[in-house]
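Please open the model in your viewer and keep the selection panel at hand, because each stop of this tour begins with something to pick out. What is there to find at each stop?

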Amino acid sequence: MNSDQLLVGFYVFTLAAFFGYQVISKVPQLLHTPLMAFTNAVAGISLVASLVIAGGDHGLLISILGAIAVAAATVNVVGGFLITDRMLKMFKKKEVAR
Amino acid sequence: MSPEIKLWIFRGALFVASCLFLLGLRALTSAETARRGMWMAAIGMALGVAGTLLHKDVVSYHWIAIGLVVGTVIGVPMGRWIPMTKMPERIALSHAFGGAAVALVGLAEYLHRGNTLGSFGMGAIGFEVVMGAVTFTGSLVAFGKLQGTISGKPLGFRGGHLLNAILAVACLTGIAILIARPEQTVVFYGVIALSAVLGVLLVLPIGGADMPVIICLLNAYAGLAASASGFALDNQILIICGALDGGSGLILALIMSKAMNRSFRNVLFGGVGAGAAATAGSGEAKPSREASIEDAAELLKIASSVIVVPGYGMAVAQAQHAVRDLAGVLAANGVNVRYAIHPVAGRMPGHMNVLLAEANVPYDQLFELDAINDDFRQTDVTIVVGANDVVNPAAKSSPSSPIFGMPILNADQSKAVIVLKRSQNPGFAGIENELFVQPNTMMVLGDAKHTLGKLSAAVKGSHN
């Protein structure tokens with residue numbers, strides 16, 4: 001990584017953080033738990049980094065570390081989206097007959 | 001496919017995925033559009049993963065397949081079958097997985113190309129590993145505390161904060177050494193070990209009532225770790241998602257600490273409950289009025305407006321369905337029933353909302369503190385289900401109280417109050433609650449679920 005890449009990284013980080021701050025401040029209290037589950041699932045995008053390592057063929061140890069990282073991130077992606085959807089499905093405006 | 005085309009497909013997929021994540025998050029600002037937003041993000045995730053499989057460094061697929069299968073096998077049950085009452089534990093665990101994934105990526109990157117990282121890359125990986133490891137062990141301790149495996153009481157010791165500061169400085173020093181001498185593998189492992197210890201020590205002194213804040217903070221740490229890995233790998237989508245995750249954790253932590261009228265510093269270093277015992281003893285103990293289910297039912301029969309204030313006790317007793325049933329019986333009698341949700345009721349942000357939604361309570365009956373607080377005065381009966389500190393008038397009237405200044409729900413102003421509580425013992429923080437000894441307050445002791453069931457039957461019976 002060189003200093004140009006670092007600079008671009010900071011631009012991206014700052015813009016994303018600003019966007020996130022603006023938007024997340026508007027999420028109602030009602031949806032705070034789904035919000036946590038959602039951002040958790042989205043942060044599972046670290047899967048992208050672990051895939052490259054697990055598929056990289058850089059020796060057994062690194063492959064195993066990569067595979068564990070893939071598994072941990074996948075748990076968050078799969079479980080995170082499933083549970084967010086389960087929660088959001090429950091929020092209903094009008095009473096429905098059970 | 002030429003390598004050039006593959007590269008652009010990879011880049012394009014990640015770019016589109018980033019846009020879908022941002023759009024998805026924006027849709028989460030309203031309950032009507034939230035589900036659509038979630039699916040946008042899920043599609044973005046699928047695109048990102050598919051695009052990465054075309055990356056030039058991905059040459060074999062068996063380890064990837066093993067990881068994906070194992071992760072899915074664990075992830076599906078965690079998403080589908082974990083009961084809503086276990087949501088705080090579930091969230092804490094997912095922070096642990098997130099931290100572990102990022103820390104492992106950092107470790108593998110270091111082992112793979114430690115000497116060619118350059119000082120910025122080494123610094124980013126160092127930060128990534130420290131945050132990842134702190135999040136991992138800290139979240140496991142939080143999980144243990146929520147489960148009850150580890151005591152929910154603040155477990156601090158004299159000099160604990162100093163020790164934490166020393167550990168943090170040691171980690172930073174380790175990173176600095178690695179930037180100068182990246183081949184010092186021992187230092188790298190040492191930094192991981194120290195960070196893991198730091199994570200444990202940071203969360204152990206946090207008491208149960210402060211859990212909402214620490215869960216949000218761990219969320220923020222997990223996000224920052226992911227962002228750091230984006231810097232290390234020069235991968236923009238990781239930086240973006242990490243910033244969103246970290247930002248949301250930080251904002252929620254701020255909302256939570258504001259709702260408790262506490263500063264971050266106070267939550268992290270204070271340990272509520274430690275100083276509370278001294279003030280609790282002052283003033284003679286006034287008796288509270290214990291009432292039978294029949295008394296409470298009589299009161300509810302003549303009421304025309306009712307506000308329900310749920311708290312952690314409702315989650316513990318799993319009484320959300322029983323609450324809804326009683327509300328249904330009351331509504332059938334023409335009573336206006338609403339719910340007042342304090343921001344820190346429960347063990348995580350939005351805890352009560354999710355439980356009530358699970359019990360089929362429509363969300364337009366759930367009101368935030370500011371929206372409903374002026375209405376208590378005109379309300380006939382407030383039913384407090386397992387809440388304590390969030391309705392304690394001492395927060396307004398008694399400057400010596402540890403919770404003084406915290407915004408509370410004005411349950412004490414309603415014409416009558418019914419408090420459902422497991423026992424006469426003071427709440428978690430050991431603070432006496434004036435509300436419980438007010439002349440217009442009835443205490444109905446016992447398991448909330450059981451009591452609510454009987455109350456529903458008693459109110460219903462009289463109308464047939």
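A helix, as the word is used here, is a DSSP run of H or I with at least four residues, numbered from the N terminus. The model is predicted, and every value below is computed from it.

**First stop: a buried valine in a helix**

With that meaning of helix in mind, select B:V354, which has its place in helix 15 of chain B, a helix that covers residues 351–358. Is B:V354 buried or exposed? B:V354 has a relative accessible area of 1%, and it is buried because that value falls under the 20% cut-off. Now show what surrounds this valine: setting aside residues up to four places away in sequence, B:V354 touches A:T33, A:P34, A:M87, A:M90 and A:F91 of chain A, together with B:M84 of chain B. For a sense of scale, add B:I372 to the selection, which stands 18 residues from B:V354 in sequence and 19 Å from it in space, C-alpha to C-alpha.

**Second stop: chain B as a whole**

Next, select chain B entire, whose secondary structure comes to 18 helices and 6 strands. Taken along the principal axes, the C-alpha atoms of this chain fill a box of roughly 80 × 50 × 35 Å. Of its 464 residues, 54% count as buried. Among the contacts in chain B between residues at least 6 apart in sequence, 79% join residues that are at least 24 apart.

**Third stop: two helix pairs across the chains**

Select helix 2 of chain A (residues 32–43) and helix 9 of chain B (residues 236–259), whose axes come within 8 Å and cross at roughly 155°. How do these two helices, helix 2 of chain A and helix 9 of chain B, run relative to each other, roughly parallel or roughly antiparallel? Angles over 145 degrees count as roughly antiparallel, and helix 2 of chain A and helix 9 of chain B are therefore roughly antiparallel to each other. The crossing of helix 2 of chain A past helix 9 of chain B is left-handed. To display the contact itself, pick residues from both sides, including A:H32, A:L35, A:M36 and A:T39 from helix 2 of chain A, and B:C241, B:L244, B:D245 and B:S248 from helix 9 of chain B.

Then move to helix 4 of chain A (residues 60–90) and helix 4 of chain B (residues 87–113), where the axes come within 8 Å and cross at roughly 150°. Helix 4 of chain A and helix 4 of chain B are therefore roughly antiparallel to each other, and the crossing that helix 4 of chain A makes past helix 4 of chain B is left-handed.

**Fourth stop: two cysteines**

Stay with B:C241, one of the contact residues of helix 9 of chain B, and add B:C19 to the selection. Why is there no bond between the sulfur of B:C241 and the closest cysteine sulfur, in B:C19? The two sulfurs are 11 Å apart, which is too far for a bond, since a disulfide requires sulfur atoms within 2.5 Å. B:C241 is buried, with a relative accessible area of 2%, whereas B:C19 counts as partly exposed at 32%. Over all chains, the count of disulfides comes to 0.

**Fifth stop: the nonpolar cores**

In soluble globular proteins, nonpolar side chains tend to be buried together. Select A:F81, B:L300, B:V306, B:V309, B:Y339 and B:V385, which touch the most other members among the 158 residues of the largest nonpolar core. Centre the view on B:V385: leaving aside neighbours within four places in sequence, its contacts include B:V308, B:V309, B:P310, B:G311, B:M314 and B:L420. Apart from this core lies another, of 8 residues, among them B:V130, B:V134, B:I175 and B:L201.

B:L420 also leads to B:T451, a residue of helix 18 of chain B (residues 448–463). B:T451 is buried, with a relative accessible area of 2%, and beyond its neighbours within four places in sequence it is in contact with B:I293, B:L420, B:V444, B:L445 and B:G446.

**Last stop: two loop residues with positive phi**

Most residues other than glycine have a negative phi. Select B:D234, in the loop between helix 8 and helix 9 of chain B, where phi is near 55°, a positive value. B:D234 counts as partly exposed, at 31% relative accessibility. Finish at B:Q318, in the loop between helix 13 and helix 14 of chain B, whose phi, near 50°, is positive; B:Q318 is partly exposed, with a relative accessible area of 40%.

Notes
Residues are numbered from 1 along each chain as its sequence is written. Chains are lettered from A and ligands numbered from 1 in the order in which they are written. This is a predicted model: local features need pLDDT of at least 70, side-chain atom pairs count only at pLDDT 80 or more; totals for chains, interfaces and linings use all residues. Side-chain values use heavy atoms; hydrogens and water are left out. A nonpolar core is a set of buried Ala, Val, Leu, Ile, Met, Phe, Trp, Tyr and Cys residues joined through side-chain atoms within 4.5 Å. Buried means under 20% relative accessible area, exposed over 50%, partly exposed in between (1.4 Å probe, protein chains only). Contact means heavy atoms within 4.5 Å. Axes are lines fitted to C-alpha atoms, for helices over the stretch in contact, and angles run from 0 to 180 degrees between N-to-C directions. Angles under 35 degrees count as roughly parallel, over 145 as roughly antiparallel, 65 to 115 as roughly perpendicular and the rest as oblique. A crossing is left-handed if the near helix is turned anticlockwise from the far one by less than a right angle, and right-handed if clockwise.
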